[in-house]
Amino acid sequence: MANLLDVNNLSISFTQYVQGLNRHDSKVISDLTIDINESEIVAVLGSSGSGKSLLAHSILGILPYNANVTGELKYKGNVLDQELKEKLRGKEICLIPQSVNFLDPLMKVGEQAIGECKDENEHDEKQKRQREIFERYGLDESVDDLYPFELSGGMARKVLLSTALIGDPDLLIADEPTPGLDAKSVEETIEDIRNLKNHGKGVLLITHEIDVALKTADRVAIFYSGYVIEINHVENFKNADNLLHPYTKALIDALPRNGFKLKEGVQPLEEVHGCPYYENCPIRLDKCENNIPKLEEHDGIMIRCFNFKEGNDES
Ligand SMILES: Nc1ncnc2c1ncn2[C@@H]1O[C@H](COP(=O)(O)OP(=O)(O)OP(=O)(O)O)[C@@H](O)[C@H]1O
Ligand SMILES: [Mg+2]
């Protein structure tokens with residue numbers, strides 16, 4: 001399987017001015033490393049505010065102006081700089097955005113989904129595809145002529161989803177594609193995402209919905225407070241004993257109690273100097289307080305923990 005996207009040591013911080021004078025840099029993504037291969041779906045799970053959308057926006061080159069970014073992104077082996085991001089955006093790399101505010105309020109949704117075309121032929125082809133995909137999601141022809149404000153929340157989600165699929169991307173970044181959708185549309189979305197994979201494409205699937213991630217993905221990356229703490233194969237999520245990080249284990253163990261939803265807001269708000277999970281960790285070591293473990297590979301699984309073997313391996 002060839003490598004499609006490589007994110008290496010990505011960090012994102014925002015410069016903010018406290019009380020108008022003091023410059024303060026707040027780090028929201030730290031040393032993030034993740035990769036996606038052709039024919040692979042990688043899910044990203046993490047609670048609200050853990051940096052998932054920022055990762056998506058950095059791949060697309062649409063971060064806000066005050067974001068400071070370090071690290072390297074590569075797409076099909078080429079450095080993915082801002083110029084290349086703009087060239088590929090909406091074509092080889094498509095985004096299903098989390099927010100319906102990404103829709104242009106002044107443009108009818110049919111034309112908006114078709115997007116820019118170089119000539120009439122391309123427009124006709126894309127229009128045919130747009131109709132097929134809209135139809136698939138239950139959006140009949142009258143929807144083409146609606147403006148975004150005339151859509152319900154669920155319809156707007158389906159338009160965003162269709163728009164990304166019309167682009168026929170090699171890499172799809174799906175940022176929470178399913179909330180608010182009826183059960184049938186969720187199943188169709190999962191099927192469409194799996195279809196892309198079956199056609200050799202790669203998908204980064206960002207979601208709060210663990211059941212969607214586990215049904216759809218090949219590998220699952222767990223975000224915690226701007227760090228990737230574990231990337232594991234989906235089959236290992238069936239049993240918490242096969243997971244390595246104490247947070248991932250706790251998360252999966254607690255699922256039935258939490259109605260299979262991620263718990264919100266357990267992440268430290270202050271900048272930490274050691275492991276981001278230190279305060280809550282049942283197997284922490286002294287060194288975890290002031291040292292940040294690196295993301296390391298063990299038998300194809302990535303783990304960021306000094307003590308993931310239940311205290312036996314203090315390396
Ligand atoms: N323009 C900005 N300026 C300052 N901080 C920002 C900015 N954009 C995002 N952040 C902060 O970055 C952190 C990560 O945001 P992000 O939107 O990536 O979270 P998320 O994991 O996608 O959350 P959710 O699950 O709620 O969508 C948040 O704490 C957020 O407040
Ligand atoms: Mg988000």
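**Close-up views of a predicted two-domain model**

**Figure 1. The largest pocket is lined from both domains.** At least three residues of the lining of the largest pocket come from each of domain 1 (3–92 + 169–303) and domain 2 (102–168), with the domain bounds taken from an automatic or database domain assignment. This is a predicted model, in which local features need pLDDT of at least 70 and side-chain atom pairs count only at pLDDT 80 or more, while totals for chains, interfaces and linings use all residues; side-chain values use heavy atoms, with hydrogens and water left out. Residues are numbered from 1 along each chain as its sequence is written, and chains are lettered from A and ligands numbered from 1 in the order in which they are written. The largest pocket holds about 1,000 Å³ of space. Its lining has 29 residues, of which Arg-89, Gly-90, Gln-112, Gly-115 and Thr-163 are the closest to the centre. On a 1 Å grid over the protein atoms alone, a pocket is an open set of points with protein on both sides within 12 Å along at least five of seven lines, and a cavity is a set where a 1.4 Å probe fits but cannot get out; lining residues have an atom within 4 Å of a point. Grid points are joined across faces, edges and corners, and a volume is the space filled by probe spheres set on the points.

**Figure 2. Elements and residue classes in the lining of the largest pocket.** At least two lining residues are supplied by each of β6 (93–96), α3 (109–114), α4 and α6. Helices (H or I, at least four residues) and strands (E, at least two) are DSSP runs, numbered from the N terminus. The lining comprises 13 nonpolar, five polar and eleven charged residues. Ala, Val, Leu, Ile, Met, Phe, Trp, Tyr, Cys and Pro count as nonpolar, Asp, Glu, Lys and Arg as charged, and the others, Gly among them, as polar.

**Figure 3. Contacts between the domains.** Eleven residues of domain 2 are in contact (heavy atoms within 4.5 Å) with 20 residues of domain 1. The C-alpha centres of domain 1 and domain 2 are 28 Å apart.

**Figure 4. The largest cavity.** The volume of the largest cavity is about 70 Å³. Cys-275, Cys-281, Cys-288, Cys-305 and Phe-306 are the closest to its centre among the 14 lining residues. That lining has ten nonpolar, two polar and two charged residues.

**Figure 5. Helix α7 and its cover.** The end C-alpha atoms of α7 (residues 183–198) are 22 Å apart, which agrees with the 22 Å expected for 16 residues at 1.5 Å a residue, the expected span being 1.5 Å times one less than the number of residues. Among its buried residues (under 20% relative accessible area; exposed is over 50%, partly exposed in between; 1.4 Å probe, protein chains only) are Val-186, Ile-190, Ile-193 and Leu-196. The cover over the buried residues of α7 includes β3 (40–45), α4 (120–136), α6 (153–166), β7 (171–175), β8 (202–206) and α8 (210–216). Gly-200, just after α7, has a positive phi of about 90°.

**Figure 6. Three loop residues.** Ser-39, in the loop between β2 (22–37) and β3, has a positive phi of about 55° although it is not a glycine. Glu-176 also is not a glycine and has a positive phi of about 55°; it is found in the loop between β7 and α7. Ser-39 is partly exposed at 27% relative accessibility, whereas Glu-176 is buried at 3%. Ser-99 is found in the loop between β6 and α3. Leaving aside neighbours within four places in sequence, Ser-99 is in contact with Arg-157 and Leu-160.
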